[in-house]
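Subject: Structure handover

Hello,

Here is the structure you will be taking over. Please look through it first; my notes on it follow below.

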Amino acid sequence: MPSSSDHPQRRASSLGEFARKVGVVVLIGAMAYAVWRLADLVLLLFASTLFAIGLRAGAKFLGRRLHCGLPFALGLLLVGLLLATGAALWFFGTVAAAQLGELARQIPVGAGLLLSKIQSTPFGRFALEQARTAGVAGATGWAASLVSTLAQDIVVGVGYAVLTFFTSIYLAAQPDLYRQMCLRVLPMGWRPRMAALFARTVDVLRHWMAGQFVVMVVIGVLSGLGLWALGIEAAFALGLVGGLLTFIPYVGAILAAVPATLVALTQGPTQAGMVLVMYMGVHFIEGNFITPLVQAKATALPPVLALLGTVGFSVLFGPSAVLLAAPLTLFVIVAIDVLWVEQGLEQQA
């Protein structure tokens with residue numbers, strides 16, 4: 001028969017367990033709040049990790065081909081990337097600058113033609129009049145503020161890009177050091193699961209980056225060739241923009257079609273319609289043939305999750321998170337699978 005002294009001990013044990021659970025909840029809440037407040041730092045660290053995974057994979061591939069050590073292969077890869085970037089800027093700089101300048105001249109003209117088309121309808125005139133009435137008072141101040149904000153964002157973006165590049169080099173050179181630093185701050189019971197999460201994340205993101213690079217190159221080439229065949233001006237620059245924007249799932253395809261359509265509109269509505277049809281055809285081929293071939297099931301994002309991830313991360317971390325929405329969504333999927341699904345299956349076994 002249990003003694004009366006057992007009741008206070010059980011009560012103290014229950015209170016201790018309750019306090020521990022409350023502490024865990026508070027800690028998780030505090031960490032979530034810190035991540036939200038330090039959104040720029042979190043995105044920079046994730047971007048650095050993503051680029052470091054790519055550098056590490058490229059260095060391993062180069063090391064196997066040249067039969068050299070990984071540090072030497074990584075240094076050789078970095079030198080090669082810098083030389084290739086410089087050569088590309090030198091070789092394509094004149095053509096790209098000229099076409100981008102033409103692009104900057106043609107897009108406002110196309111936008112003006114689009115507005116004139118809208119004004120030719122009664123509903124369009126009413127909508128534009130309402131918008132003009134609502135925004136005419138502060139239009140000049142708003143435009144000046146927009147230009148100033150854009151300039152600041154460009155300067156900050158360049159600074160973040162440089163910091164991301166150098167951080168990724170350190171991460172790629174010594175990944176085990178930083179992985180162990182992360183694991184050491186965790187309780188012993190959590191370390192095997194988090195180590196599995198790190199390994200699975202690296203594997204998934206490495207395969208996703210390789211596949212995404214192939215998709216971007218193919219979309220850029222097909223878009224550029226299609227625009228060139230249609231006789232659209234600045235086809236090279238538009239194809240380059242289209243390929244780069246493919247990094248953003250689904251939304252990037254729409255963003256890429258907008259400047260191309262506006263440029264084509266300066267050459268006539270028929271050309272604009274043909275450009276839209278061409279982009280739809282290119283992305284139909286990409287979505288049904290190219291992406292399934294280069295992306296494995298483990299790295300392919302369902303359309304709904306890709307769209308929700310793009311919107312959700314942009315709301316949480318700002319517009320810059322759109323660029324990393326796809327790999328961030330993949331990371332969340334892997335984390336749920338490793339930390340929740342697999343752990344539950346192991347407990348049931």
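A pocket here is an open set of grid points, on a 1 Å grid over the protein atoms alone, with protein on both sides within 12 Å along at least five of seven lines. Its volume is the space filled by probe spheres set on the points. Please keep in mind throughout that this is a predicted model.

The pocket

The second largest pocket has a volume of about 2,300 Å³. Its lining is made up of 48 residues, and those closest to the centre are C182, M194, L197, F198 and F331. Seen by element, two or more lining residues come from each of α1 (6-37), α2 (39-66), α5 (139-173), α6 (175-184), α7 (191-229), α11 (303-317) and α12 (325-348). The most is given by α2, which supplies 13 residues. By class, 40 of the lining residues are nonpolar, two are polar and six are charged.

The nonpolar cores

The largest nonpolar core has 24 residues; the members that touch the most others are L43, L197, L205, F317, L324, L328 and L330. Helices α2, α7, α11 and α12 each supply at least two residues of this core. L197 therefore appears twice in these notes, since it is among the residues closest to the centre of the second largest pocket and counts as buried as a core member, with under 20% relative accessible area.

L205 gives an example of the contacts involved. Leaving out residues up to four places away in sequence, L205 touches F46, L50, I53, P327 and L330. Apart from the largest core lies another one, of 18 residues, including V215, A235, V263 and Y279. As a general point, nonpolar side chains in soluble globular proteins tend to be buried together.

The salt bridges

How many salt bridges does the structure hold? There are three.

One joins R179 to D176, with the closest N and O atoms 2.4 Å apart. Both residues lie in helix α6, three residues apart, which is about one turn of the helix. R179 has a relative accessible area of 28%, and D176 has 48% relative accessibility. Since partly exposed covers the range between 20% and 50%, R179 counts as partly exposed, and so does D176.

Another is formed by D203 and R206, whose closest N and O atoms are 3.0 Å apart. These two are also three residues apart, in helix α7, so about one helical turn separates them. D203 is partly exposed at 32% relative accessibility, as is R206 at 31%.

The remaining pair is D337 and R200, with 3.0 Å between the closest N and O atoms. This pair links distant parts of the chain, as D337 is in helix α12 and R200 in helix α7, 137 residues apart. D337 is partly exposed, with 28% relative accessibility, and R200 is partly exposed as well, with a relative accessible area of 30%.

A histidine in α10

Is H283 buried or exposed? H283 counts as buried, because its relative accessibility of 17% is under the 20% cut-off. H283 is placed in helix α10, which covers residues 269-294. Setting aside neighbours within four places in sequence, H283 is in contact with I219 and A253.

Regards

Technical notes: Residues are numbered from 1 along each chain as its sequence is written. This is a predicted model: local features need pLDDT of at least 70, side-chain atom pairs count only at pLDDT 80 or more; totals for chains, interfaces and linings use all residues. Side-chain values use heavy atoms; hydrogens and water are left out. On a 1 Å grid over the protein atoms alone, a cavity is a set of points where a 1.4 Å probe fits but cannot get out, and a pocket is an open set with protein on both sides within 12 Å along at least five of seven lines; lining residues have an atom within 4 Å of a point. Helices (H or I, at least four residues) and strands (E, at least two) are DSSP runs, numbered from the N terminus. Ala, Val, Leu, Ile, Met, Phe, Trp, Tyr, Cys and Pro count as nonpolar, Asp, Glu, Lys and Arg as charged, and the others, Gly among them, as polar. A salt bridge is a side-chain nitrogen of Lys or Arg within 4 Å of a carboxyl oxygen of Asp or Glu. Buried means under 20% relative accessible area, exposed over 50%, partly exposed in between (1.4 Å probe, protein chains only). A nonpolar core is a set of buried Ala, Val, Leu, Ile, Met, Phe, Trp, Tyr and Cys residues joined through side-chain atoms within 4.5 Å. Contact means heavy atoms within 4.5 Å.
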